[in-house]
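Q: Please take a close look at one part of this model, the surroundings of a pair of packed helices, and describe it in connected prose. I would like burial, contacts and geometry treated together, with a few places elsewhere for comparison.

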Amino acid sequence: MRIAVAGATGNIGALTVAALERAGHDVVRISRSLGVDLATGDGLAAALAGVDAVVDVTNIPAADRDEAVALFGAATRNLLAAEARARVRHHVLLSIIGVQRMELNAHYAGKREQERLVSEGSVPWTIVPAAQFHDFAAMITGWTEQDGVATLPPLLVQPVAPGDVADVLAEIAAGEPLGRYRDVAGPEPQDLVDMARRTNDARGRAVRLVPTWSSVFDTTAAGNALLPGPDARLAPTTFDAWLATQS
C-alpha cells in the first residue's frame, strides 16, 4: 500500500515510517520541513496523490486551550479535505487515553477537536487512543524544573513504548477502518512521580520532585482517569526495559 504519515519527522512519526517500511509499504512523509504544511494545506494535494491511507501523528505545541483547538482543528480540516479530494480510503489518528476526561488541559482539548473532526468527517477512520510514552515523566519535569526543583502531578499512568505504538499504527493503517480502537498501553501501571525519580536516577540527574496538581493537569486526572480500559491492547515493552536504556 501507499501510506502517508503526517508528522513523519517527529519521534513517533519516524518510528511509524520505519514500521510501515519494514512491512513493505510505500511511505509518503508529510512534514513542514519536507515542504508540506498542514496549517495552510500547501503541498498536500501532491503528497496524497495515489495514497491509500494516512496516519496522523502530528503534535502541535500550543500555549493555551483556544490556541490548541484552533491549531489542531485547522491542520486536521486541511488534511481531511485533501484526503477526501484524493479519495484516501482510511484515516488513522493517534490520540490519547482519557482525552475526553481532561477538560482543562490545553493539549487534550486540541486532541478532542481532532477526534471530533475525524469522527464526523467523510473519510473512513480509526482513532487509536494510546497511553503516555515512557519519557512522559521526564518531559513534565523538564517543563517545570527551576533551580533543581520540579513540580509534577501525582498521576497514575500505564506508559507505553513509542516503538510499540508505531507497530500498532502500521498494522491498523494496512487494514480496514475500525472506528474507535481499543486503548493501547504498556504492560503495567506506574506512578508518575516514581517514574520521574527513577528516570532522573538513571540519567544521573539530581532534581527535587514536588508532587502537586498544577496547570499541566488538575484533579480530573486523578485516580484511574488516564489508565486504559479493561479491553486494552497491552504492548510488551516495560518501563523497566526502557529505563535500562537511559543510563
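A: A residue is called buried here when its relative accessible area is under 20%, exposed when it is over 50%, and partly exposed in between. V57, in a model that is predicted, has a relative accessible area of 8% and is therefore buried. V57 sits in the loop between β3 (53-56) and α3, and, once its neighbours within four places in sequence are set aside, it is in contact with V5, A6, G7, I12, G13, T16, L94 and L169. One of these partners, V5, is 52 residues away from V57 in sequence, while the two C-alpha atoms are 7.2 Å apart in space.

With that vocabulary in place, the part to examine closely is the packing of α5 with α7. The axes of α5 and α7 are 8 Å apart and cross at an angle of about 85°, which makes α5 roughly perpendicular to α7. On the α5 side the residues that meet the other helix are F136, A137, A138, I140 and T141, and on the α7 side they are L192, M195, A196, T199 and R203. Sorted by class, this contact of α5 with α7 is made of 7 nonpolar, 2 polar and 1 charged residues. Within α5, the residues F136, A137, A138, I140, T141 and T144 are buried, and the buried residues of this helix pack against β6 and β11 as well as against α7.

N200 also belongs to α7, the helix that spans residues 192-203. The relative accessibility of N200 is 5%, so it counts as buried. If residues up to four places away in sequence are not counted, N200 touches R205, V207 and L209.

Two of these partners, R205 and V207, come up again on the side of E145. E145 lies in the loop between α5 (136-144) and β6 (149-152), and with neighbours within four places in sequence left aside it is in contact with A150, R205 and V207. The side chains of E145 and R205 are joined by a polar contact of 3.1 Å. E145 has a relative accessible area of 26%, and it is therefore partly exposed. As a check on spatial scale, E145 and A232 are separated by 87 residues in sequence, and their C-alpha atoms are 33 Å apart in space.

The loop between α5 and β6 also holds D147, a residue other than glycine whose phi is positive, near 55°. Most residues other than glycine have a negative phi. D147 has a relative accessible area of 83% and is exposed. R87 offers a second case, with a positive phi of about 60° although it is not a glycine. R87 is in the loop between α3 (65-86) and β4 (90-96), and at 73% relative accessibility it counts as exposed.

F136, one of the α5 residues that meet α7, leads from the helix packing to the aromatic rings. The whole structure contains 3 aromatic pairs, and ring pairs link F136 with Y108 and F217 into a cluster. For Y108 and F217 the arrangement is edge-to-face, with 5.7 Å from centre to centre and 85° between the planes. Y108 is in helix α4 (residues 106-120) whereas F217 is in the loop between β11 (208-211) and β12 (233-234), so this pair ties together parts that lie 109 residues apart in sequence. Y108 is buried, with a relative accessible area of 3%, and F217, at 4% relative accessibility, likewise counts as buried.

A last place, Q158, shows a polar side chain paired with a backbone atom: a polar atom of its side chain lies 2.9 Å from the backbone oxygen of G186. Q158 is located in the loop between β7 (156-157) and α6 (162-173), and its relative accessible area of 9% makes it buried. Leaving aside neighbours within four places in sequence, the contacts of Q158 include A131, A185, P187, E188 and P189, together with L227, P228 and L234.

Notes. Residues numbered from 1 in each chain as written. Predicted model: local features only at pLDDT ≥ 70, side-chain atom pairs only at ≥ 80, totals over all residues. Heavy atoms only, no water. Helix = DSSP H or I, 4+ residues; strand = E, 2+ residues; numbered from the N terminus. Buried < 20%, exposed > 50% of the residue type's maximum accessible area, 1.4 Å probe, protein only. Contact = heavy atoms within 4.5 Å. Phe/Tyr/Trp six-rings, centres within 6.5 Å; stacked < 30°, edge-to-face > 60°. Polar contact = N/O pair within 3.5 Å; in protein donor to acceptor, adjacent residues only side chain to side chain. Axes fitted to C-alpha atoms, helices over the stretch in contact; angles between N-to-C directions. Parallel < 35°, antiparallel > 145°, perpendicular 65-115°, else oblique. Nonpolar A, V, L, I, M, F, W, Y, C, P; charged D, E, K, R; others polar.
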